[in-house]
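Got the viewer open? Let's take a quick walk around, starting with the whole chain and then zooming in on one spot.

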Amino acid sequence: MHILLVEDDDRVAAALRPALHRHGMTTTRLERGRGAVDHLAGVDVVLLDLGLPDADGVDVCRAIRQASDVPVIVVTARGDVEDRIVGLHSGADDYVVKPYDVGELVARIHAVQRRRGPSEAEPADRVVTTDDGVAIDLGRHTVTVDGTEITLTRKEFQVLALLAAARGTVCTRTRIVAEVWGRSWPGANRTLDVHVATLRTKLGRPELVQTVRGVGYRLGG
Ligand code: CA
């Protein structure tokens, strides 16, 4: 996944880029907002600081939105509620407040990209199959068990797809909730558990979605 980072603060960029790279992302950084629209080719998500030296970040956001459907996450200083509201009205997909937790930022990057659907650069035919006959088609958003298509709700599929894309590594509860629901709330864990229980029942494969106690879930099989 390729991230366009529009950020004038060298320290923020220097801290953020290696963190994003560790999560398998590549980055291009622009120190200024003007001309950002000329750098959207091949970009999957834009991280846009609203406080830029040469242009109003909100105007930059609008310009990006006019030029492209690329997801935009605006970054604002703590407490600038007004900024956030304006940012969302100017076509941003989400916002984060500085100082932010990198893990949460990464989850939001995945979430906005997921909501926009798979990018054209990504093969649409990514299918994860398990040893016990479950095939999860991440491009077509379908699941089959022994060749029979199973009807899942959108959220159920998103949970399953997230686990499938992780290829057997553990997805934390926090990450799943952040990516599938886009936010957390009291009771989010319970809701996640309910979705997992339904998934297990619908798939008829109780062992497929494995609980990693105290951490989250992983795909078995
Ligand atoms: Ca700034």
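**The whole chain**

Start with cartoon view and colour by secondary structure: you'll find seven helices and 12 strands in the chain. Keep in mind that this is a predicted model.

Now show just the C-alpha trace and turn it along its principal axes, where the span is about 55 × 35 × 30 Å. How does the radius of gyration fit a compact globule? For 221 residues such a globule would come out near 17 Å, and the chain has 19 Å, which agrees.

Next, switch on the surface. The chain exposes about 11200 Å², with carbon and sulfur atoms supplying 49% of that area. Hide the surface again and colour by burial: buried residues make up 47% of the 221 in the chain. If you draw contacts with a separation of 6 or more, 53% of them join residues 24 or more positions apart.

**Zooming in: H6 and H7**

Select residues 173–181 for helix H6 and residues 188–203 for helix H7. At what angle do their axes cross? Roughly 85°, and the axes come within 10 Å. Angles of 65 to 115 degrees count as roughly perpendicular, so that is how H6 and H7 sit relative to each other.

Now bring up side chains where the two helices meet. On H6, pick Arg173, Ile176, Val177 and Trp181; on H7, pick Ala188, Asn189, Thr191, Leu192, Asp193 and His195. Colour this set by residue class, and the contact divides into five nonpolar, three polar and two charged residues.

Technical notes:
Residues are numbered from 1 along each chain as its sequence is written. This is a predicted model: local features need pLDDT of at least 70, side-chain atom pairs count only at pLDDT 80 or more; totals for chains, interfaces and linings use all residues. Side-chain values use heavy atoms; hydrogens and water are left out. Axes are lines fitted to C-alpha atoms, for helices over the stretch in contact, and angles run from 0 to 180 degrees between N-to-C directions. Helices (H or I, at least four residues) and strands (E, at least two) are DSSP runs, numbered from the N terminus. Angles under 35 degrees count as roughly parallel, over 145 as roughly antiparallel, 65 to 115 as roughly perpendicular and the rest as oblique. Contact means heavy atoms within 4.5 Å. Ala, Val, Leu, Ile, Met, Phe, Trp, Tyr, Cys and Pro count as nonpolar, Asp, Glu, Lys and Arg as charged, and the others, Gly among them, as polar. The radius of gyration is taken over C-alpha atoms; the globule rule is 2.2 Å times the number of residues to the power 0.38. Buried means under 20% relative accessible area, exposed over 50%, partly exposed in between (1.4 Å probe, protein chains only). Accessible areas come from the Shrake-Rupley method with a 1.4 Å probe; for residues, only the protein chains shown count as cover.
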